[in-house]
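Here is a quick tour of a single chain, written for someone who likes to think in contacts and distances. Have the viewer open while you read.

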Amino acid sequence: RLILIEICLINIQIIRILGECGYNSCAKYDPKKLNIHVIAHSHDDVGHLKTVDEYYEQDVKHIITNVVQSLSKSSKRTFTQVEIYYFNRWWTEQNNDTKTLVHKLVNSGQLSFTNGGYCMNDEGATYYNGIIDQMTLGLRILDDLFGKCGHPSVSWQIDPFGASKEMASLYAQMGFDGHVVNRGIQPKGEFIWRGSHDLGDKSQIFTTVLHDNFIPPDGFDFEY
């Protein structure tokens, strides 16, 4: 058993060395053409119209399982996972073969994580201590499981109610490269958001506001 465990750990280390995660794993683009990025991502509320258990058992665990199977069939496929509560719960139920496959997908950049919090926290009624705690929990889980390749570079606050400058400031201080938001903010488009007057540049982050809620463009609404 000890020998098998050592071989498994060695294989995971080899995958980590050979893989190319992060921005280097992004598909190459043609600078002479308009390049459109279609990002397949999770959007699984950690409690909303159903309980957390109901969402997981009825929907989410099947989604993650099918995503992993689909990614393994083609190296051109990618997926972005957001809610770490659900991913971690799914992970604990998997066998070693599936976990090794997921390591490979993460380290090749096919499966990536954004935001990285245990959930996508509300911004209208949360205190900053709670935000920091839930982000710390999610990011620690990703770090323990996947190291550098599991660490998100971009936030993903596309469905909390409201958008606070404190979130922009916190993400900037956490080292995120970009902040993606949706509800409760104008103008639409891209801008540099300085979340704190006192912290200045330390609270400054590139921000994108979704163009039409989180509704996909016409012809790309695969869910329906």
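What follows goes from model confidence to the cores, the aromatic rings and a few buried polar residues.

## How far to trust the model

Keep in mind that this is a predicted model. Mean pLDDT for the chain comes out at 88, with 91% of residues at 70 or more. Ranked by element, helix H3 has the highest mean pLDDT (98), while helix H1 (residues 2-18) has the lowest (39). The pLDDT stays below 50 over residues 1-18, a stretch that has 10 contacts in the model beyond near neighbours in sequence.

As for annotation, an unreviewed UniProt entry lists residues 35-222 as "domain: Glycoside hydrolase family 38 N-terminal". Over residues 35-222, helix makes up 38% of the chain and strand 12%, and the C-alpha atoms at the two ends sit 20 Å apart.

## Two nonpolar cores

The largest nonpolar core has 25 residues, and the ones touching the most other members are Phe 87, Trp 90, Val 102, Leu 111 and Phe 146. At least two residues each come from helix H2 (52-73), helix H3 (84-91), helix H4 (96-107), strand E2 (111-113) and helix H5 (128-146). H2 gives the largest share, seven residues.

Take Leu 111 as a way in: leaving out residues up to four places away in sequence, Leu 111 touches Leu 71, Phe 79, Gln 81, Phe 87, Val 102, Leu 105 and Val 106. Apart from this core there's another one, made of 14 residues, including Ile 131, Ala 168, Trp 193 and Ile 205.

## Rings

Searching the whole structure turns up 12 aromatic pairs. One of them is Tyr 85 with Tyr 86, an edge-to-face pair at 5.2 Å centre to centre with 65 degrees between the planes. Tyr 85 and Tyr 86 are both buried.

Another pair is Phe 87 with Trp 90: their ring centres are 5.8 Å apart and the planes meet at 40 degrees, so this pair counts as tilted. Both residues lie in helix H3, three residues apart, about one turn of the helix. Residues three or four places apart in an α-helix point the same way, because there are 3.6 residues a turn. Phe 87 is buried at a relative accessible area of 1%, and Trp 90 is buried at 2%. Phe 87 and Trp 90 also belong to one aromatic cluster with Trp 91, Phe 113 and Phe 146.

## Helix H6 and His 179

In helix H6 (residues 165-174), the buried residues are Met 167, Ala 168, Ser 169, Leu 170, Tyr 171 and Ala 172. Their cover includes H5, E3, strand E4 (189-194) and strand E5 (204-209). Right after H6 comes Gly 175, with a positive phi of about 95 degrees.

His 179 sits in strand E3 (residues 178-181). Its relative accessibility is 1%, so His 179 counts as buried. What does the side chain of His 179 make a polar contact with? The partner is the side chain of Ser 155, at 2.6 Å. Beyond residues up to four places away in sequence, His 179 touches residues including Met 167, Ala 168 and Tyr 171, along with Trp 193 and Ile 205.

## Two buried polar side chains in loops

Glu 123 is in the loop between E2 and H5. With a relative accessible area of 7%, Glu 123 is buried. Its side chain has a 3.0 Å polar contact with the side chain of Gln 157, and the Glu 123 side chain also reaches the backbone nitrogen of Ser 164 at 2.6 Å. Setting aside residues up to four places away in sequence, Glu 123 touches Gln 157, Pro 160, Phe 161, Gly 162, Ala 163, Ser 164 and Met 167. Glu 123 and Asp 97 are 26 residues apart in sequence, and C-alpha to C-alpha they are 39 Å apart in space.

Asn 182 is in the loop between E3 and E4. Asn 182 has 3% relative accessibility, so this residue counts as buried too. The side chain of Asn 182 reaches the backbone oxygen of Ile 158 at 2.6 Å, and a 2.9 Å polar contact joins the side chains of Asn 182 and Asn 213. Among the residues Asn 182 touches, not counting those up to four places away in sequence, are Gln 157, Lys 188, Val 209 and Phe 214.

Key:
Residues are numbered from 1 along each chain as its sequence is written. This is a predicted model: local features need pLDDT of at least 70, side-chain atom pairs count only at pLDDT 80 or more; totals for chains, interfaces and linings use all residues. Side-chain values use heavy atoms; hydrogens and water are left out. A nonpolar core is a set of buried Ala, Val, Leu, Ile, Met, Phe, Trp, Tyr and Cys residues joined through side-chain atoms within 4.5 Å. Buried means under 20% relative accessible area, exposed over 50%, partly exposed in between (1.4 Å probe, protein chains only). Helices (H or I, at least four residues) and strands (E, at least two) are DSSP runs, numbered from the N terminus. Contact means heavy atoms within 4.5 Å. A polar contact is a pair of N or O atoms within 3.5 Å; within protein, one must be able to donate a hydrogen and the other to accept it, and residues adjacent in sequence count only if both atoms are side-chain atoms. Rings of Phe, Tyr and Trp (its six-membered ring) pair if their centres lie within 6.5 Å; planes under 30 degrees apart count as stacked, over 60 as edge-to-face and the rest as tilted. pLDDT is the predictor's confidence in each residue, from 0 to 100. UniProt positions are given in the numbering used here, feature names are shortened, and annotations may be inferred rather than shown by experiment.
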